[in-house]
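Please open the structure in your viewer and keep the sequence beside it, since this tour goes from one selection to the next. At each stop, make the selection before reading on.

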Amino acid sequence: MGVDPEDISYKDAGIHLTPEEFHKKVEALSNSAQVQQDTILLDCRNFYESKIGNFQNCLAPNIRKFSYFPDYIDTNLECFKGKQVLMYCTGGIRCERGSAYLRSKDVCKEVYQLKGGIHKYLEQFPSGFYKGKLFVFDNRYAISVNDDVISECRYCGAPWDEYKLCSTASCCQLVLSCLLCREKGFVACCAVCQEKGKASSETPSQPLRKEQCECTEKRVRIPVVLPH
């Protein structure tokens with residue numbers, strides 16, 4: 001997370017909730033306007049993870065790296081004042097650090113985290129409040145847990161949640177491009193990479209893949225959220 005563990009220890013993490021306890025709190029959040037006013041359901045993952053699957057009514061930070069999370073909290077600290085925060089991530093690891101950092105700010109009413117993360121929740125509630133796919137960091141990119149598709153093709157807007165690697169050899173960004181659009185040749189993450197792909201096909205080479213491309217570099221690093 002980019003914070004010295006000597007300064008922020010996982011031992012100061014939020015209160016662990018079992019999947020059953022977390023489910024009940026999310027259920028209350030869905031059914032009560034007052035709970036919605038007093039609670040933030042916080043997704044600690046990166047934007048490309050929450051984009052294809054998340055808990056309903058969550059706040060997804062829209063950050064590219066978890067190392068940006070502390071800056072996100074600092075920038076949007078006003079949003080968390082006096083709130084009950086329910087945090088979750090894939091397996092619970094990031095929540096250990098993230099909840100400890102948020103608690104160190106001493107502004108929340110209470111900070112909870114989902115023990116075992118989304119993985120454990122879905123084992124008990126495959127048809128619960130989590131909708132869409134679960135992103136994983138291997139060549140599968142995602143695990144299908146229900147029939148809900150919450151994301152869309154970046155080119156035509158059709159429902160789509162299957163990531164593919166950008167077709168440009170020098171880029172490692174993930175792309176949501178449906179089958180019809182891929183058949184039309186729309187297989188890059190952005191227009192810049194699409195043009196690079198055409199150019200490289202005319203002059204073949206094997207450049208090293210890089211972490212960011214132009215479209216990623218233009219993303220807002222730390223989004224600002226209005227308090228509610």
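The tour begins with the whole chain, then visits a strand, a group of aromatic rings, a helix and two charged side chains.

**The whole chain**

Before selecting anything, bear in mind that this is a predicted model. Colour the chain by secondary structure and you should find 10 helices and 10 strands. Of its 228 residues, 45% count as buried. Among contacts between residues at least 6 apart in sequence, 64% join residues at least 24 apart.

**Strand S4**

Now select strand S4, residues 84-88. Which way do its side chains point? Gln84, Leu86 and Tyr88 point one way from S4, while Val85 and Met87 point the other way. In a regular strand the side chains alternate between the two faces of the sheet. Because five of the five residues of S4 are buried, the strand is largely enclosed by the rest of the structure.

Add strand S2, residues 39-43, which runs parallel to S4 and is joined to it by five bridges. One place to look is Asp43, whose bridge partner in S4 is Tyr88. Next add strand S5, residues 110-114, which pairs with S4 in the parallel sense over four bridges. Here Leu86 stands opposite Tyr112 in S5. If you follow the chain from S4 to S5, you pass through helix H6, residues 93-104, and this β-α-β crossover is right-handed.

**The aromatic rings**

Show the side chains of the aromatic residues, among which 13 aromatic pairs are counted. Select Phe22 and Tyr88, an edge-to-face pair with 6.4 Å from centre to centre and 75° between the planes. Phe22 belongs to helix H1 and Tyr88 to strand S4, so that the pair links distant parts of the chain, 66 residues apart. Are these two residues buried or exposed? Phe22 counts as buried, at 0% relative accessibility, and Tyr88 is buried too, with a relative accessible area of 0%.

Move on to Phe55 and Tyr130, which also form an edge-to-face pair, with 5.4 Å between the centres and 80° between the planes. Phe55 lies in strand S3 and Tyr130 in strand S6, so this pair ties together parts that are 75 residues apart in sequence. Phe55 is buried, with a relative accessible area of 0%, and Tyr130 counts as buried at 1% relative accessibility. To see how these rings belong together, select Phe22, Phe55, Tyr88, Tyr121, Phe125 and Tyr130, which ring pairs link into a cluster.

**Helix H7**

Tyr121, one of the residues in that cluster, leads to the next stop. Select helix H7, residues 117-124, where Gly117, Ile118, Tyr121 and Leu122 are buried. These four cover an arc of only 140° around the axis, which puts them on the same side of H7. An α-helix has 3.6 residues a turn, so residues three or four places apart point the same way. Which elements do the buried residues of H7 pack against? They pack against helix H1 and strands S3, S4, S5, S6 and S7, so you may wish to display these together with H7 itself.

**Two charged side chains**

Finally, return to Tyr112 and add Lys25, which lies over the face of this ring at 4.6 Å from the ring centre. Then select Arg154 and Tyr155, where Arg154 lies over the face of the Tyr155 ring, at 5.1 Å from the ring centre.

How values were computed: Residues numbered from 1 in each chain as written. Predicted model: local features only at pLDDT ≥ 70, side-chain atom pairs only at ≥ 80, totals over all residues. Heavy atoms only, no water. Buried < 20%, exposed > 50% of the residue type's maximum accessible area, 1.4 Å probe, protein only. Helix = DSSP H or I, 4+ residues; strand = E, 2+ residues; numbered from the N terminus. Arc of directions from axis to C-beta. Contact = heavy atoms within 4.5 Å. Pairing = 2+ DSSP bridges. Right-handed = clockwise from strand over helix to strand, strands pointing away. Phe/Tyr/Trp six-rings, centres within 6.5 Å; stacked < 30°, edge-to-face > 60°. Lys NZ or Arg CZ within 6 Å of the ring centre and 35° of its normal.
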